Amino acid sequence: MPKQQRVFPDAKAVAAALRPSYPVYCLRPDILKRRARDFLTQFPGEVLYAVKCNPHPLVLDALYAGGVRHFDTASLPEIAQVAESYADAHTYFMHPVKSRAAVRTANEVFGVEHFVVDHMDELEKVLAETRTRDLVIVVRITTPPSLGTLYHLSAKFGAGPDEAVELLRRAASEGCRVGIAFHVGSQCLRPDAYSIALDLSGQILAWAGVEPVCIDVGGGFPADYVEMTTEPLQDYFDAIRKGLKANKVKPTVQILCEPGRALVASGCSLLVQIQLRKDGQLYINDGIYGSLSETVDAGIRFPSRLVRLVGGEPSRETRAFVLNGPTCDSLDVLPGTFELPEDAREGDWIEIDQVGAYSNALATHFNGFFPETFVTVQDKPPAQQAAA
Ligand SMILES: *Cc1c(COP(=O)(O)O)cnc(C)c1O
């Protein structure tokens with residue numbers, strides 16, 4: 001009999017059942033499935049999940065159940081994980097810098113055909129390490145730095161226009177199919193970033209004089225956080241459609257996207273416990289070396305609420321608290337403040353929402369703290385909860 005995954009009605013039920021003094025990720029597979037379906041039905045092309053954003057097997061399973069069959073992978077372990085989990089999945093090697101062994105193994109063992117490059121030496125490496133020319137060489141280009149994102153991802157990777165033209169021509173002359181890719185940066189708050197980058201892609205393809213088989217618009221689609229409301233996903237897809245039309249991209253060209261954050265951020269919350277209160281300071285059991293490094297890296301602020309099991313309801317009055325992480329490093333303090341009931345105290349839990357992206361994926365073992373417990377939660381309206 002297949003192992004039955006225990007499903008909790010909500011985070012409070014998790015607290016009641018486990019009384020966890022360690023952080024617990026509360027996964028919502030139904031939300032992940034719905035996000036996957038939204039992308040798959042609305043994006044004008046193929047949706048590749050960017051595995052690095054959250055590689056947990058339960059997350060991949062939920063996205064797979066939602067219909068995702070294509071995966072943006074950046075390393076051999078990611079490729080192996082996807083290939084070993086799903087017989088009908090396709091992986092794409094989207095890291096612009098790969099080891100020779102990884103290129104060869106990806107192609108020969110896992111049948112990977114798509115390889116991203118942003119430098120001539122890397123292209124020569126891929127050509128030398130593969131025995132077939134049945135490849136799609138995807139040239140990653142740089143995009144302008146000011147396209148409204150929290151992380152600028154062209155600082156490290158991406159070929160300039162002249163180099164991109166050379167790469168496209170060289171790959172085509174070797175008999176490879178070619179494509180072009182960009183990544184506008186994570187948590188992109190401007191839909192028109194995609195049409196601007198598509199204009200640049202169109203120019204480069206025209207200069208190179210090659211017919212692409214694919215155009216990959218990357219990731220960067222945003223999630224909602226505190227004081228960071230975002231345009232609807234549809235506006236991003238409209239901007240992409242507009243960019244494709246303006247550049248007369250033929251319908252035979254496969255359009256790819258590589259969402260990470262926008263697919264998974266809302267599918268997971270984190271239940272942390274207050275270990276000590278010192279006036280306006282709460283010491284909790286997860287922090288910037290664990291699940292919450294994006295509070296520092298990107299200034300992201302997560303919605304949160306208090307969960308209390310004993311001693312009645314928390315106060316309706318709130319105040320601003322500083323949340324301290326568990327390690328001994330004085331840097332391990334979450335930036336800004338969290339508005340919580342003013343009587344928050346040791347033993348209460350805090351449910352931190354929207355932590356599905358770049359949380360467990362970035363957690364370290366520093367100081368002996370490592371968040372690794374995942375449970376499945378299926379939030380229902382309170383009336384249904386009472387009836388259940
Ligand atoms: C990180 C990354 C992604 C995912 O980015 P999100 O901002 O999470 O959507 C997609 N593609 C590439 C090449 C990446 O490096």
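**Reading the labels**

Me: Gly 290 sits in the loop between strand 12 (281-284) and helix 11 (294-297). Why is Gly 290 called buried?

Reply: Happy to go through it. Buried means under 20% relative accessible area, exposed over 50%, and partly exposed in between (1.4 Å probe, protein chains only). Gly 290 has 6% relative accessibility, so it counts as buried. Its C-alpha atom is 9.2 Å from that of Ala 361, 71 residues apart along the chain. As for helices and strands, helices (H or I, at least four residues) and strands (E, at least two) are DSSP runs, numbered from the N terminus.

Me: What sort of model is this, and how are its residues numbered?

Reply: This is a predicted model, in which local features need pLDDT of at least 70, side-chain atom pairs count only at pLDDT 80 or more, and totals for chains, interfaces and linings use all residues. Residues are numbered from 1 along each chain as its sequence is written, and side-chain values use heavy atoms, with hydrogens and water left out.

Me: What makes Tyr 358 a residue near the ligand?

Reply: A residue is near a molecule or strand if one of its heavy atoms lies within 4 Å of it. A polar side-chain atom of Tyr 358 lies 2.5 Å from an oxygen atom of the ligand, and Tyr 358 is listed among the closest of the 13 residues that surround the ligand, together with Lys 52, Ser 186, Gly 220 and Glu 258. Tyr 358 belongs to the loop between strand 16 (349-352) and strand 17 (373-377). With a relative accessible area of 13%, Tyr 358 is therefore buried.

Me: How do you know that Asp 72 and Gly 260 make polar contacts with the ligand?

Reply: A polar contact is a pair of N or O atoms within 3.5 Å; within protein, one must be able to donate a hydrogen and the other to accept it, and residues adjacent in sequence count only if both atoms are side-chain atoms. Asp 72 places a polar side-chain atom 3.1 Å from a ligand nitrogen. Gly 260 uses a backbone N or O atom, 2.9 Å from a ligand oxygen. Taken alone, the ligand exposes 390 Å², and the protein buries 90% of that. These accessible areas come from the Shrake-Rupley method with a 1.4 Å probe; for residues, only the protein chains shown count as cover.

Me: Why is Arg 308 called buried, and which partners does its side chain reach?

Reply: Arg 308 has a relative accessible area of 5%, so it is buried. Its side chain reaches the backbone oxygen of Asp 343 at 2.9 Å and makes a polar contact with the side chain of Asp 348 at 2.8 Å. Arg 308 lies in the loop between strand 13 (304-307) and strand 14 (318-324).

Me: What makes the phi of Glu 227 worth a second look?

Reply: Most residues other than glycine have a negative phi. Glu 227, not a glycine, has a positive phi of about 55°. Its place is the loop between strand 9 (214-216) and helix 9 (233-246). At 70% relative accessibility, Glu 227 counts as exposed. Arg 19 also has a positive phi, near 40°, and sits in the loop between helix 1 (11-18) and strand 2 (24-27).

Me: Finally, why is Ala 363 buried?

Reply: Its relative accessible area is 16%, so Ala 363 is buried. Ala 363 is found in the loop between strand 16 and strand 17, and its C-alpha atom is 11 Å from that of Asn 54, 309 residues apart along the chain.
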